[in-house]
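Let's take a walk through this model, starting with how some of its helices pack and ending at the ligand.

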Amino acid sequence: MAFFQDPPRLGNTYESDALLREHLARTFPGNDLAGIEPELSHLGALAGGPLHEQQLAERDLEPTLVQWDAWGRRVDRIRLTPLWREAATLAARHGLVATAYERRHGPRSRTHQLALAYVLDPSTDVYSCPLAMTDGAVRTLLDGGDPVLVERAVPRLTSRDPARAWTSGQWMTERIGGSDVSATETVARRDAAGTWRLFGTKWFSSAASAEMALALARPEGNPAGSRGLALFYVETRLADGTPNGILVNRLKDKLGTRKLPTAELTLDGAAAAPVAGLTDGVRNIAPMLEVTRTWNAIAATAGMHRALSLARDYARRRVAFGTPIAARPLHAELLAGLEAEREGAFLLAFRAAALLGRAETGDATAMERALLRAVTPLAKLTTGRQAVQIASEAIECFGGAGYVEDTGLPRLLRDAQVLPIWEGTTNVLALDLLRALAMEGAAEALAAELMRLASEARDPALRPPVETALAGAERARAFLGEADGAVREAGARGVALTLGRALEVLLLASHAQWCLDQGRGRRALAAARRLARNGVDLVSPPSVEDAELLAR
Ligand SMILES: Cc1cc2nc3c(=O)[nH]c(=O)nc-3n(C[C@H](O)[C@H](O)[C@H](O)COP(=O)(O)OP(=O)(O)OC[C@H]3O[C@@H](n4cnc5c(N)ncnc54)[C@H](O)[C@@H]3O)c2cc1C
């Protein structure tokens, strides 16, 4: 008799996600929850069933670039995978961008929208990337306030009709820099008819199949540096369908996100329109980054949940040394530690979403707006790092099977690795956090948030995690109070990760108290305690010895 291992299975990924359901029950009172749950459950059934099967079946398919038509004309069309085409239809029909702007639930619409995205994302091969940029483009165009651009693009970017819906790219990174775009080489020049035209190279242009993009370029004659850059609106095709002065040189051959076409582009006179004046492009694209970084955190926590759902199911099916590995104390201990990480990450990502929603509808207090400025980089950088760590551990939970491509599991790790890189690396966001904390009211707002959450966690069993989190936050505060110059900069990453983890523990502790009060059990309490035991304090004042490590 030959043995064949049962593969891991998912089931309805909404129904089985206790934390998501608790969080939504906390956020949406009574009938509002009943109004949104059927759609989430429908998407959970799709994500855990047919879409996941399609994802596995299409494992070998990748987008392709068709540069020429049969008669030698340059066309630069990108052929997408079938799952991506399906994801585009689902995203439009279920309003994955529109929900945030229709605002049926006022300031809670962001939570609603990103819950839909969270459920669908792990089964749609990183289609969240174009959705995030599309969402960011809507916000940026609305904030920019140009009525012509708003009227032309926003109804399409937020359309629920798949035939009408557009997506947007975001063209910032060039060969000279992605973290530091101040030396951007793309220039904008007016032609004889007064139309702005862009000339340059964009080095990482994801979702290159999008109908439009927001691009940084320097209007000719503007000063060097980031203030001299302007933000431009570009449609990728002309009315007759031919490229708008844009050549797709090649698609990147990437470690992961392989279904996502990321292109190197030459802009050769692409017609464009300024979004908000002819300077301050980096400042004007900030709303885009606020939105995409929030999506990044949501995608990170969704990916962690997918990896752990599969690992937990597998642990019940896989037998070693006479029992399912789920029953081996050491394996169970490992899984519990990982689950605590994902629960903290989830609550941090959705806290960023909730604050964003309140800021967008004008419901946020000044304190909440200052808090949002700190929580967005914190959520992005903390969850991005956790996503890689959890994906790596989850792969190991499958033993050799985790390393074999046709199980579909290695993709989890490859796709996670992008999360700490794009939309700002961990270092870049740690420095952004320090800038945020130096702004008026932000450090106070973060401290008040930590204290508020701590005070909500009344159960004595929550004292240890609360104290661990507050002690970590205090170490971070003390470091920032004492260190300056290069020492402060070198310690930024440890400070940021400590504050991120402290916030996660306290969000979990507050959530655990709510679960206890509602008679919803002690899972969240165990998660808060475990996350704190995994460690919070990563503040590590740099030492002069560190330089010796790098000396040759
Ligand atoms: C799959 C993928 C898709 C992408 N899609 C897009 C897209 O659609 N549009 C777009 O505009 N960009 C896109 N990017 C680019 C991405 O945003 C950049 O790669 C990223 O911002 C980093 O920029 P860089 O590659 O130039 O790295 P660099 O800026 O050269 O960074 C190299 C290293 O230096 C560190 N570093 C940089 N500055 C500092 C500092 N001051 N202090 C300490 N450390 C520092 C960084 O943390 C990093 O580890 C994509 C990237 C990937 C991988």
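This is a predicted model, and a good place to begin is a pair of helices, α6 and α11, that sit oblique to each other. Why oblique? The angle between α6 (residues 109-120) and α11 (residues 329-360) is about 140°, and an angle has to be over 145 degrees to count as roughly antiparallel, so this pair falls into the oblique class. Their axes are 8 Å apart. On the α6 side, the contact uses R110, T111, L114, A115 and Y118. These meet a set of α11 residues that includes R342, F346, F350, L356 and E360. Sorted by character, the contact has eight nonpolar, two polar and three charged residues.

Now move along to α16 (residues 463-482) and α18 (residues 492-517). Here the axes cross at roughly 155° and come within 9 Å, and the two helices are therefore roughly antiparallel. The crossing of α16 past α18 is left-handed. From α16, the residues making the contact include P465, V466, L470, F479 and L480, while α18 brings in V495, T498, L499 and V505, among others. What kinds of residue make up this contact? There are 14 nonpolar and two polar residues, with no charged ones.

Last stop: the ligand. It's surrounded by 20 residues, and the closest are Q170, T173, G178, S179 and T425. T425 also makes a polar contact through its side chain, where an N or O atom is 2.6 Å from a ligand oxygen. The backbone takes part too: a polar backbone atom of M172 is 2.9 Å from an oxygen of the ligand, and one of F204 is 2.9 Å from a ligand nitrogen.

Definitions and conventions: Residues numbered from 1 in each chain as written. Predicted model: local features only at pLDDT ≥ 70, side-chain atom pairs only at ≥ 80, totals over all residues. Heavy atoms only, no water. Axes fitted to C-alpha atoms, helices over the stretch in contact; angles between N-to-C directions. Helix = DSSP H or I, 4+ residues; strand = E, 2+ residues; numbered from the N terminus. Parallel < 35°, antiparallel > 145°, perpendicular 65-115°, else oblique. Contact = heavy atoms within 4.5 Å. Nonpolar A, V, L, I, M, F, W, Y, C, P; charged D, E, K, R; others polar. Left-handed = near helix turned anticlockwise from the far one by under 90°. Near = heavy atom within 4 Å. Polar contact = N/O pair within 3.5 Å; in protein donor to acceptor, adjacent residues only side chain to side chain.
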